[in-house]
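Reader: I would like a close look at a single part of this structure, taken helix by helix where that helps. Could you choose one helix, describe how it sits, and then follow its surroundings outward?

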Amino acid sequence: CVSFPARRAQKNLLLKFRLCSIQFDLRNPAYGDAKDAKRTALVELVDIASPDSKMGALMNDTRTFSDLLKMIGANLFRALPFRPDSAADDDEEDEPFMDHNWSHLAIVYELLMRTVQTQKIDTAVKKKCITVNFVRSLLQLFNSEDNRERDYLKTITHRVYGKLTNR
């Protein structure tokens, strides 16, 4: 039987997943408070997934881990922004492209990396939830023009391969 505090923590975790699944254009100032709430929830999820967190075991459940990956997918699997034609001028060619949503994307990538690496989530749960389609969608993100995103993807795909070689 699951204790009341554990059920409450699990429910709060699922609410954070729902909040973090909402997409915002970070350039739009109208979403200020909502963007801040999402960022705070994302940071809390990263803390939960950290190796020293006592709450990390809450994600060691197929349904919860699946919901976590759905939230991660809702943030990462998107139409990739591209460099406008005006940026193709010779004098701007050396300037790297930067996704305007990177401040949230970086936290989501960090969360994904920590959940792939953590020992608190059973490998069987990871294998069941990190599907071939999920990995395929991650690989498609290598088309991003943002070097920071490709660097995270490189690290994460290596970690997925190292932990779940069948994927």
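**Helix H7 and its surroundings**

Author: In this predicted model, H7 has 17 residues, which at 1.5 Å a residue should span 24 Å, and its end C-alpha atoms are indeed 24 Å apart, so expectation and model agree. Within H7, the buried residues are Glu149, Tyr152, Leu153, Ile156, Thr157 and Val160. Viewed down the axis of H7, these buried residues fall within an arc of 130°, and therefore they line one face of the helix. On the other side of H7, by contrast, His158, Tyr161 and Gly162 are exposed. The partners of the buried residues of H7 are H4 and H6, against which they pack.

The approach to H7 can be followed through Phe142, which is placed in the loop between H6 and H7. Phe142 counts as partly exposed because its relative accessibility is 31%, and the limits for that class are 20% and 50%. Once neighbours within four places in sequence are set aside, Phe142 is in contact with Arg150, Leu153, Lys154 and Thr157. Two of these partners, Leu153 and Thr157, also appear among the buried residues of H7. The C-alpha atoms of Phe142 and Tyr152 are separated by 9.7 Å, with their positions 10 residues apart along the chain.

From H7 the view widens to the nonpolar core. The largest such core holds 42 residues, among which Met71, Ile72, Leu76, Leu112 and Ile130 touch the most other members. Helices H1, H2, H3, H4, H5, H6 and H7 each give two or more residues to this core, and H4 gives the most, with 10 residues. As a general tendency, nonpolar side chains in soluble globular proteins are buried together.

Leu76 offers a way to trace part of this packing, since, apart from its neighbours within four places in sequence, Leu76 is in contact with Leu105, Val108, Tyr109, Leu112, Leu138 and Leu141. Leu76 belongs to the buried residues of H3, which also include Phe65, Leu68, Leu69, Met71 and Ile72, together with Thr64, Asp67, Gly73 and Asn75. H3 itself has 15 residues and reaches 21 Å from its first C-alpha to its last, close to the 21 Å expected at 1.5 Å a residue. The N-terminal end of H3 is capped by Asp61, a side-chain oxygen of which lies 3.2 Å from the backbone nitrogen of Arg63.

Before H3, in the loop between H2 and H3, lies Ser50. With a relative accessible area of 8%, Ser50 is buried, and its side chain is joined to that of Asp52 by a polar contact of 2.9 Å.

Two cysteines complete the account of buried positions discussed here: Cys20 counts as buried at 0% relative accessibility, and Cys129 counts as buried at 12%. A search of the whole structure finds 0 disulfides.

Set against the whole, H7 belongs to a protein with 7 helices and 0 strands, whose elements run α-α-α-α-α-α-α from the N terminus on. Buried residues make up 40% of the 167 residues in the protein. Of the contacts with a separation of 6 or more, 74% are between residues 24 or more positions apart.

Terms used. Residues numbered from 1 in each chain as written. Predicted model: local features only at pLDDT ≥ 70, side-chain atom pairs only at ≥ 80, totals over all residues. Heavy atoms only, no water. Core = buried A, V, L, I, M, F, W, Y, C linked by side-chain atoms within 4.5 Å. Buried < 20%, exposed > 50% of the residue type's maximum accessible area, 1.4 Å probe, protein only. Helix = DSSP H or I, 4+ residues; strand = E, 2+ residues; numbered from the N terminus. Contact = heavy atoms within 4.5 Å. Expected span 1.5 Å × (residues − 1). Arc of directions from axis to C-beta. Polar contact = N/O pair within 3.5 Å; in protein donor to acceptor, adjacent residues only side chain to side chain. Disulfide = S-S within 2.5 Å.
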